[in-house]
Amino acid sequence: MAIIGVDILKAKTLLENNQLVAIPTETVYGLAGNAFSEIAVAEIFSAKNRPSFDPLIIHTYNIEKIREWVTEIPEKAFDLAQKFMPGPLTLLLNKKEIIPDLVTAGMEKVAIRIPNHPLSLELLKNLNFPLAAPSANPFGYISPTSALHVNQQLGDKISYILDGGEAKIGIESTIIGFEEGEPAVYRLGGISLEEIEKVIGKIKTIHLSSSNPKAPGMLKSHYSPRKKLFINNLDTLLEKYKPDQIGVLAFNNYLDKIPKENQIILSSASNFSEAARNLFSSLRRLDHFNIEIIFAELLPEIDLGRAINDRLRRAAA
Ligand code: TXA
Ligand code: MG
């Protein structure tokens with residue numbers, strides 16, 4: 001098992017020696033390594049069991065740093081950066097040569113974000129390289145929102161986990177790219193589409209399809225718990241399973257047909273942020289319930305409900 005602690009100097013030393021460290025962010029925990037070191041980056045892919053065609057996000061602490069690694073920041077990207085960085089926003093920008101091809105899986109765009117977590121920002125300021133960091137879960141499984149989650153799944157692959165408490169947002173960053181100057185959404189995440197559109201106007205292009213080669217990480221199998229998850233038709237499921245064999249992930253109220261002790265409510269106040277914060281830990285808990293399958297209720301398709309539904313649909317695939 002890894003050591004869990006808050007020692008930034010220890011994390012820095014490990015990272016400077018090409019080792020991996022799990023770091024807290026406001027979205028989910030990341031599995032971090034020196035983005036400029038091919039050894040460290042290769043180690044990330046191997047620890048996660050992640051296919052090398054799925055590129056990584058690099059993390060830094062200010063917009064000036066981002067300028068050093070990209071050929072240009074389109075105006076709308078800059079407006080978003082000023083408004084949402086640090087925060088759950090990732091921008092896809094044309095990379096300079098200094099960013100290793102291994103990080104971007106050979107693509108010309110690099111994904112960059114500034115995480116909004118005091119410990120990780122402090123760590124990043126103390127390093128003279130950015131951190132490549134995917135979510136700190138085995139490939140295809142739910143992202144971790146606490147140090148304990150990381151330790152349970154990757155504890156034998158890394159030596160240190162920087163403990164920043166529970167993730168405040170709870171779902172991954174929103175990814176925005178630009179095609180001929182026009183913004184496109186590549187992943188719905190911690191900043192809602194509505195908030196993004198308030199800053200840069202209506203976004204016409206949304207690439208959430210699993211087959212899109214430009215966003216290889218949008219694979220459908222993402223975010224799965226180990227138990228089979230369904231989003232459709234509880235009545236049909238009840239023809240095959242007894243009520244106590246079904247676990248439920250509900251939005252704001254218990255469902256009638258299933259025993260209450262098998263159900264987890266994301267937000268009894270119908271608050272989307274609270275629901276997002278509880279999503280992954282609730283799926284993990286359901287995975288350990290004494291049930292056969294999970295039925296998840298979709299949320300209204302607005303605000304963070306969209307990002308939550310996106311993860312539930314992928315988990316159900
Ligand atoms: O909130 C987050 O973004 C978390 C925290 C740790 O920062 N990170 C995260 O990383 O979710 P990961 O690797 O689990 O997901 C990154 C997604 C993947 O779907 C990947 O395919 C996509 O970003 N991505 C990264 N670089 C890309 C690129 N150059 N072009 C297209 N998609 C890219
Ligand atoms: Mg991930």
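**Entry 1: polar contacts of ligand 1**

I began with the side chain of Ser173 and found one of its N or O atoms 2.5 Å from an oxygen atom of ligand 1. I note at the outset that the model is predicted. Next I looked up Ser135, where a side-chain N or O atom is 2.9 Å from an oxygen atom of ligand 1. I then turned to Lys109, which takes part through its backbone: an N or O atom there lies 2.7 Å from a nitrogen atom of the ligand.

**Entry 2: cover and surroundings of ligand 1**

I asked how much of the accessible area of ligand 1 the protein covers. On its own the ligand has 680 Å², and I record that 98% of this is covered by the protein.

I then went through the shell, which holds 25 residues. The nearest among them are Thr27, Asp54, His59, Lys109 and Ser173. By class, I entered 12 nonpolar, 6 polar and 7 charged residues.

Which elements give two or more residues to this shell? I found strand E4 (57–59) and strand E6 (109–113). The largest share is that of E6, with 3 residues.

**Entry 3: the two domains**

I took the bounds from the domain assignment, which gives domain 1 as 3–205 and domain 2 as 228–316. I noted a separation of 28 Å between their C-alpha centres.

For the interface, I recorded 23 residues of domain 1 in contact with 16 residues of domain 2. The size of an interface is often expressed as the accessible area lost when the parts come together. On that basis I entered about 1,500 Å² buried between domain 1 and domain 2, with 56% of it on carbon and sulfur atoms. I also looked up which three residues supply most on the side of domain 1. They are Ile142, Ile171 and Leu188, and together they account for 36% of the area that domain 1 buries against domain 2, more than any other three residues.

**Entry 4: backbone geometry**

I closed with two backbone checks. As a reference, most peptide bonds are trans, and most residues other than glycine have a negative phi.

I found a cis peptide bond between Met85 and Pro86, with omega about -5 degrees. I located Pro86 in the loop that runs between helix H4 (75–84) and strand E5 (89–94).

At Glu180 I noted a positive phi, near 50 degrees, in a residue that is not glycine. Glu180 sits in the loop between strand E9 (174–179) and strand E10 (182–187).

Key
Residues are numbered from 1 along each chain as its sequence is written. Chains are lettered from A and ligands numbered from 1 in the order in which they are written. This is a predicted model: local features need pLDDT of at least 70, side-chain atom pairs count only at pLDDT 80 or more; totals for chains, interfaces and linings use all residues. Side-chain values use heavy atoms; hydrogens and water are left out. A residue is near a molecule or strand if one of its heavy atoms lies within 4 Å of it. A polar contact is a pair of N or O atoms within 3.5 Å; within protein, one must be able to donate a hydrogen and the other to accept it, and residues adjacent in sequence count only if both atoms are side-chain atoms. Accessible areas come from the Shrake-Rupley method with a 1.4 Å probe; for residues, only the protein chains shown count as cover. Helices (H or I, at least four residues) and strands (E, at least two) are DSSP runs, numbered from the N terminus. Ala, Val, Leu, Ile, Met, Phe, Trp, Tyr, Cys and Pro count as nonpolar, Asp, Glu, Lys and Arg as charged, and the others, Gly among them, as polar. Domain bounds come from an automatic or database domain assignment. Contact means heavy atoms within 4.5 Å. Buried area is the accessible area (1.4 Å probe) that two parts lose on being put together, summed over both.
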